[in-house]
Amino acid sequence: MKDPIYEPKGRAAEYADLALNLYTGCTNGCTYCYAPGVLRRSREDFAGNAVPRKGILEALERQLLSGEFAGKTVHLCFTCDPFPSGVDTQVARDAIELLKGADANVQILTKNPSIAAHSCACLLGEKDSIGTTITGAPQLVEPNAEPSELRLSALEAVHDLGIGTWISCEPIIDPEAIYELISTCDFVDLFKFGKLNYATIDLDWAHVGKRVERLCREHDRCYMIKDSLRKEMDAR
Ligand code: SF4
């Protein structure tokens with residue numbers, strides 16, 4: 001296997017300078033998932049094959065020997081969830097242990113943050129973060145992931161441990177739920193907002209983006225609006 005830590009391109013680069021993908025698929029079953037298309041796999045194959053990439057830990061250990069990742073932040077993961085539901089996630093803990101051993105910072109994005117917290121919170125500090133995705137969609141859109149309420153309570157517990165927290169509101173599916181989130185979630189250190197890009201939905205994106213930004217300012221939230229949403233806002 002080639003060096004597994006890589007520099008994301010395009011929209012993913014707005015989330016992180018460096019990233020690492022641990023599994024060959026994801027069991028969370030999100031209906032809007034773009035990963036099977038990007039990886040040219042069927043949804044069934046992608047969902048049914050969430051196993052650690054062959055040789056991932058050995059390759060990661062080898063790459064970290066260079067020492068070049070000390071003080072840098074590595075995002076886990078873009079084409080899978082680092083803690084997929086119903087799967088042995090020991091590889092994620094092992095990878096995080098290797099990254100922390102190389103003095104890298106870890107930025108986790110998972111729809112199962114209670115599993116993540118249980119697995120690896122003890123390895124993380126204030127320069128690391130656990131984030132989750134909240135789209136506002138009903139559970140049937142993300143059928144195997146933790147319910148949104150559990151994701152939020154897990155994130156609050158992570159925050160109480162002194163670990164960074166963030167929420168990716170991308171894709172926004174139900175804006176009202178996102179507005180509520182901004183107003184109430186004091187335990188979130190950073191919000192990131194993005195539109196639905198790989199399917200169509202009947203939303204006035206400029207209005208949604210502007211309302212999200214206004215609420216973040218009102219509630220003194222740290223936030224980032226992704227370029228494709230910002231463009232819709234700027235066009236009006
Ligand atoms: S958690 Fe991410 S990778 Fe997994 S199915 Fe959902 S969108 Fe796809």
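Me: What makes β1-β2-β3-β4-β5-β6-β7 an open sheet, and which pairing does the order come with?

Reply: In this predicted model, the 7 strands follow the order β1-β2-β3-β4-β5-β6-β7 as an open sheet with parallel pairing. The edge strands are β1 (18-20) and β7 (223-225), and each of these pairs on one side only. From one strand to the next, the twist averages 20°.

Me: How do you know that β1 and strand β2 (residues 73-76) pair?

Reply: Two strands pair if DSSP finds at least two bridges between them. Here 3 bridges join β1 to β2, so the definition of a pair is met. The two strands run parallel. You can look at the partners one by one: A19 stands opposite H75 in β2, and L20 has L76 of β2 as its bridge partner.

Me: What makes β2 and strand β3 (residues 105-109) a pair?

Reply: The same kind of test works nicely here. At least two bridges are needed, and 4 bridges join β2 to β3, so these strands pair. They run parallel too. One place to look is T73, which stands opposite N105 in β3.

Me: Let's turn to the helices. Why are helix α7 (residues 175-184) and helix α8 (residues 205-218) called roughly parallel to each other?

Reply: Their axes cross at roughly 15° and come within 9 Å. Angles under 35 degrees count as roughly parallel, and therefore α7 and α8 are roughly parallel to each other. The crossing of α7 past α8 is right-handed.

Me: Which residues of α7 and α8 meet, and how do they divide by class?

Reply: From α7 come P175, I178, Y179, I182 and S183, and these meet V208, R211, V212, L215 and C216 in α8. The contact of α7 with α8 divides into 8 nonpolar, 1 polar and 1 charged.

Me: And what makes α8 and helix α9 (residues 227-234) roughly perpendicular?

Reply: For this pair, the helices pack at an angle of about 105°, with axes 8 Å apart. The range from 65 to 115 degrees counts as roughly perpendicular, and α8 and α9 are therefore roughly perpendicular to each other. On the α8 side the contact is made by W205, A206, G209 and K210, and on the α9 side by L229, R230, E232 and M233. By class, the residues of this contact divide into 4 nonpolar, 1 polar and 3 charged.

Me: Why are helix α3 (residues 56-64) and helix α4 (residues 90-101) described as roughly parallel?

Reply: The axes of α3 and α4 cross at roughly 10° and come within 10 Å. Set against the limit of under 35 degrees, that angle makes α3 roughly parallel to α4. Where they touch, I56, L57, L60, E61 and L64 in α3 meet V91, D94, A95 and L98 in α4. The contact of α3 with α4 has 7 nonpolar, no polar and 2 charged residues.

Me: How do you know that the peptide bond between L76 and C77 is cis?

Reply: Look at omega, which is about -5° for the bond that joins L76 and C77. C77 lies in the loop between β2 and α4. Another cis bond runs from E170 to P171, with omega near 0°. P171 has its place in the loop between β5 (164-169) and α7.

Me: What makes D103 worth a look, and where is D103 found?

Reply: The phi of D103 is near 60°, and this is a positive value in a residue other than glycine. You will find D103 in the loop between α4 and β3.

Me: Last topic, the ligand. Which residues are around the ligand, and what makes a residue count as near?

Reply: A residue is near a molecule if its C-beta atom lies within 6 Å of it. The residues around the ligand are C26, N28, G29, C30, C33, A35, C80, D81 and K111.

Me: How does the shell around the ligand split by class?

Reply: The shell has 5 nonpolar, 2 polar and 2 charged residues. Cys counts as nonpolar and Gly as polar, so C26 is placed with the nonpolar residues and G29 with the polar ones.

Key: Residues are numbered from 1 along each chain as its sequence is written. This is a predicted model: local features need pLDDT of at least 70, side-chain atom pairs count only at pLDDT 80 or more; totals for chains, interfaces and linings use all residues. Axes are lines fitted to C-alpha atoms, for helices over the stretch in contact, and angles run from 0 to 180 degrees between N-to-C directions. Angles under 35 degrees count as roughly parallel, over 145 as roughly antiparallel, 65 to 115 as roughly perpendicular and the rest as oblique. A crossing is left-handed if the near helix is turned anticlockwise from the far one by less than a right angle, and right-handed if clockwise. Two residues are in contact if their C-beta atoms, placed from the backbone, lie within 7 Å.
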